[in-house]
Amino acid sequence: MSAPHDALAPAAAPGQGFVPASDHPSALIDQVRAAVAARAPLRIAGGGSKAFVHAPAAGAALDVRVHSGILSHEPSELVVTVRAGTPLAELEAALAEHGQCLPFEPPRFGAGGTVGGAVASGLAGPARASVGGARDYVLGARLINGRGELLTFGGQVMKNVAGYDVSRALAGSWGALGVITELSLKVLPVAPAEATLTFGVDQSNALERLHRWGGQPLPLNASRWQREADGGDRLFLRLRGAAAAVEAACERLLAEAPGQRLDNPPAGADWTACRDQRLPFFTNAPSADHGLWRISVPQTAAPLLAAWPQLIEWQGAQRWLWAPVAAADEIRAAARAAGGHAQLFRAPASGDGGVARADTPSPALQAVMRRLREAFDPHGIFQAPTLI
């Protein structure tokens, strides 16, 4: 599973437009080994686009951006292999040239985000409830563990399942298990047709419709409910798939309930702004004392915490909420009562007041996390955030 970094075989020759470079992340391995020898902590660093999600970690920076480049892309096989320090924008542009994409729409909260950061954070965009999350598209990975060893898990095709679960476990690990150096990802063709419908309904009716439509054969790809600046409640629905299926769904849904179809270019820009949290809801905090909370609950959960501004995605499973940190206990109790959990995703401008960013994991999950950390990073070299 592991080998000295100077004994690894070089990667296959990259295709046109790919960065020709060695497959060996030697500089990163040497830095980790030096840290192990000195028992000095390291802080994995990329583009810094998600640094706001957790409190700053201690330790010297281990910059993964030195290990960058697309190693291979097989459009007919729907697989791309890329170094973890590669800018996410670079990978998405390369895939777009072949009419392909990362279906889970990794959020880009700022310029410079890396592919490794997109997977390590485990975050996904508006289509998450329909297409799956980051872990569903990880086929294989290379990782530098806390001993300075380069480990390989999984492969480049779905049939290669050796170590596959470990590859998937890296999604959402936030660097707790080591430094991701390389990823093989499943990609998909861009949908041939897309349409966005909008309906003026309150939160309760929006959730009821989403639950009902979700159980029907509709090309439902993403949803968003929010209260707009004018005070009106609005549900947005994105349909993707074969042209005939999208057109038939539009006719059916608009005949069932009053609504309208939006033009694709502005609607597409709106969904991108939602993915990257650039909508006014995300950028305009009610006050300096309000933080942005991320509440994860079952899709069928009833409306929660109606006193505070909300935006709901993932057919009801992801609910964004602006509220003071002083309301942390109330928010977390409501999330638990609904079968979910809450996370302080963006701290208030005035500070988080020492409030924990995430709920305390269950004892069983803590035990699993502890065993994984002991196996991958026995010396505690990587200063990873303790998020769930």
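**Aromatic contacts, cysteines and model confidence**

The charged end of R346 is placed over the ring of F109, at 5.6 Å from the ring centre. This arrangement belongs to a predicted model. F109 is itself a member of an aromatic cluster, in which it is joined by F52, F281, F282, W320, W322 and F345. A second arginine, R224, lies over the face of W271, with a distance of 5.1 Å from the ring centre.

In total, the structure contains 10 aromatic pairs. One of these pairs is formed by F153 and F376. A pair of aromatic rings is described by the distance of the centres and the angle of the planes. For F153 and F376 the ring centres are 6.1 Å apart and the planes meet at 50°; the pair is therefore classed as tilted, since an angle under 30 degrees would count as stacked and one over 60 as edge-to-face. The two residues come from distant parts of the chain, 223 residues apart. F153 is located in strand β8, which covers residues 150–154, whereas F376 is located in helix α11, which covers residues 363–376. F153 is buried, its relative accessible area being 4%. F376 is likewise buried, with a value of 11%.

The cysteines were examined next. A search of the whole structure returned 0 disulfides. A disulfide is a covalent bond between the sulfur atoms of two cysteines. For C101, the closest cysteine sulfur is that of C274, and because the two sulfur atoms are 17 Å apart, they are too far from each other for a bond; the cut-off applied is 2.5 Å. C101 is partly exposed, with a relative accessible area of 25%. C250 also takes part in no disulfide, and its nearest cysteine sulfur, again that of C274, is 19 Å away. With a relative accessibility of 3%, C250 counts as buried.

Confidence in the model was assessed along the chain. The protein chain has an average pLDDT of 88, and 90% of the residues score at least 70. Residues 1–22 remain under a pLDDT of 50, and the model has 40 contacts beyond four places in sequence for this segment. The pLDDT is also below 50 over residues 158–164, a stretch with 11 contacts in the model beyond near neighbours in sequence. Where pLDDT is low, the predicted coordinates should not be read in detail.

Key:
Residues are numbered from 1 along each chain as its sequence is written. This is a predicted model: local features need pLDDT of at least 70, side-chain atom pairs count only at pLDDT 80 or more; totals for chains, interfaces and linings use all residues. Side-chain values use heavy atoms; hydrogens and water are left out. Rings of Phe, Tyr and Trp (its six-membered ring) pair if their centres lie within 6.5 Å; planes under 30 degrees apart count as stacked, over 60 as edge-to-face and the rest as tilted. Helices (H or I, at least four residues) and strands (E, at least two) are DSSP runs, numbered from the N terminus. Buried means under 20% relative accessible area, exposed over 50%, partly exposed in between (1.4 Å probe, protein chains only). A charge sits over a ring if NZ of Lys or CZ of Arg is within 6 Å of the ring centre and within 35 degrees of the ring normal. pLDDT is the predictor's confidence in each residue, from 0 to 100. Contact means heavy atoms within 4.5 Å.
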